[in-house]
Amino acid sequence: PAEREIQRSIVAYLESLGACVIRVNSGAVKTEGRFTRFNSLPGCPDLLVCLPTMGESGYGSGSIFLAIEVKAERGKATALQIAAHDAGDVAARALPG
């Protein structure tokens, strides 16, 4: 499956658990003769997630922050993305399979 399909599945699953998921757009688009950049931070993960935790009192007793980089089967993480993961800044790299 394509990266966007994998990402949609991940978002749907996390939202079913009550998570707040923010998809980070990266890149640029040319409009009216000039480029507009989205997210100028190189190596930024695809998804930022706040996942509620289950405690004795149920939902709302805390949360976990996740940063997830999604890759399709042939997708390759950049050196910056790998460094962010290895440094603990990105919680997971989501790969198919």
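Colleague: What joins the side chains of E69 and K71?

Modeller: In this predicted model, a polar contact of 3.3 Å joins them. The cut-off for such a pair of N or O atoms is 3.5 Å, so 3.3 Å falls within it.

Colleague: Why is the pair K71 and E69 also called a salt bridge?

Modeller: The closest N and O atoms of K71 and E69 are 3.3 Å apart. The rule asks for a side-chain nitrogen of Lys or Arg within 4 Å of a carboxyl oxygen of Asp or Glu, so the pair qualifies.

Colleague: How many salt bridges does the rule give?

Modeller: The count comes to 1 salt bridge.

Colleague: Are E69 and K71 buried or exposed?

Modeller: Buried means under 20% relative accessible area. E69 has 3%, so E69 counts as buried. K71 has 10%, so K71 counts as buried too.

Colleague: Where is E69 placed, and which other side chain does the side chain of E69 make a polar contact with?

Modeller: E69 lies in strand 5, residues 63-70. Its side chain makes a polar contact with the side chain of Q81, at 3.1 Å. That value is within 3.5 Å, so the pair passes the distance part of the definition.

Colleague: F65 is found in strand 5 as well. Is F65 buried or exposed?

Modeller: Exposed is the word for over 50% relative accessible area. F65 has 55%, so F65 is called exposed.

Colleague: Which residues does F65 touch, leaving out those up to four places away in sequence?

Modeller: F65 touches L48 and V49. To be counted, a contact needs heavy atoms within 4.5 Å. F65 and L51 are 14 residues apart in sequence, and their C-alpha atoms are 6.3 Å apart in space.

Colleague: Which residue stands opposite F65, and how do strand 4 and strand 5 run?

Modeller: C50 stands opposite F65. Strand 4 and strand 5 run antiparallel, joined by 6 bridges. At least two bridges are needed, so these strands count as a pair.

Colleague: How do the side chains of strand 4 lie along its residues 47-52?

Modeller: They alternate: L47, V49 and L51 point to one face and are buried, whereas L48, C50 and P52 point to the other face and are not buried. In a regular strand, side chains alternate between the two faces of the sheet.

Colleague: How many bridges pair strand 1 with strand 4, and in what sense?

Modeller: They pair over 4 bridges in the antiparallel sense. Two would be enough under the definition, so strand 1 and strand 4 count as paired. One bridge has I22 and its partner L48 in strand 4.

Colleague: What makes strand 2 and strand 3 a pair?

Modeller: They have 5 bridges in the antiparallel sense, and at least two are required, so they are a pair. T31 stands opposite R34 in strand 3, and K30 has F35 of strand 3 as its bridge partner. The two strands form a hairpin with 2 residues between them.

Colleague: What is to be said of phi in E32, and where does E32 sit?

Modeller: Phi of E32 is near 50 degrees, a positive value in a residue other than glycine. E32 is in the loop between strand 2 (27-31) and strand 3 (34-38). Its relative accessible area is 83%, over the 50% limit, so E32 is exposed.

Colleague: Why is strand 3 called hardly covered?

Modeller: Among its 5 residues the count of buried ones is 0. Not one is under the 20% limit, which means none can be called buried.

Colleague: What does the chain contain as a whole?

Modeller: It has 2 helices and 6 strands, running α-β-β-β-β-β-α-β from the N terminus. Buried residues make up 29% of the 97 residues. The accessible surface comes to about 6800 Å², with 55% of it belonging to carbon and sulfur atoms.

Colleague: Where is the confidence lowest, and where is it highest?

Modeller: Strand 6 (residues 92-94) is lowest, at a mean of 63, and strand 1 (residues 20-23) is highest, at 94. The mean pLDDT of the chain is 81, and 81% of the residues reach 70 or more. Local features need at least 70, and the mean of strand 6 is 63.

Key:
Residues numbered from 1 in each chain as written. Predicted model: local features only at pLDDT ≥ 70, side-chain atom pairs only at ≥ 80, totals over all residues. Heavy atoms only, no water. pLDDT = per-residue confidence, 0-100. Buried < 20%, exposed > 50% of the residue type's maximum accessible area, 1.4 Å probe, protein only. Areas by Shrake-Rupley, 256 points an atom, 1.4 Å probe, with all protein chains shown as cover. Polar contact = N/O pair within 3.5 Å; in protein donor to acceptor, adjacent residues only side chain to side chain.
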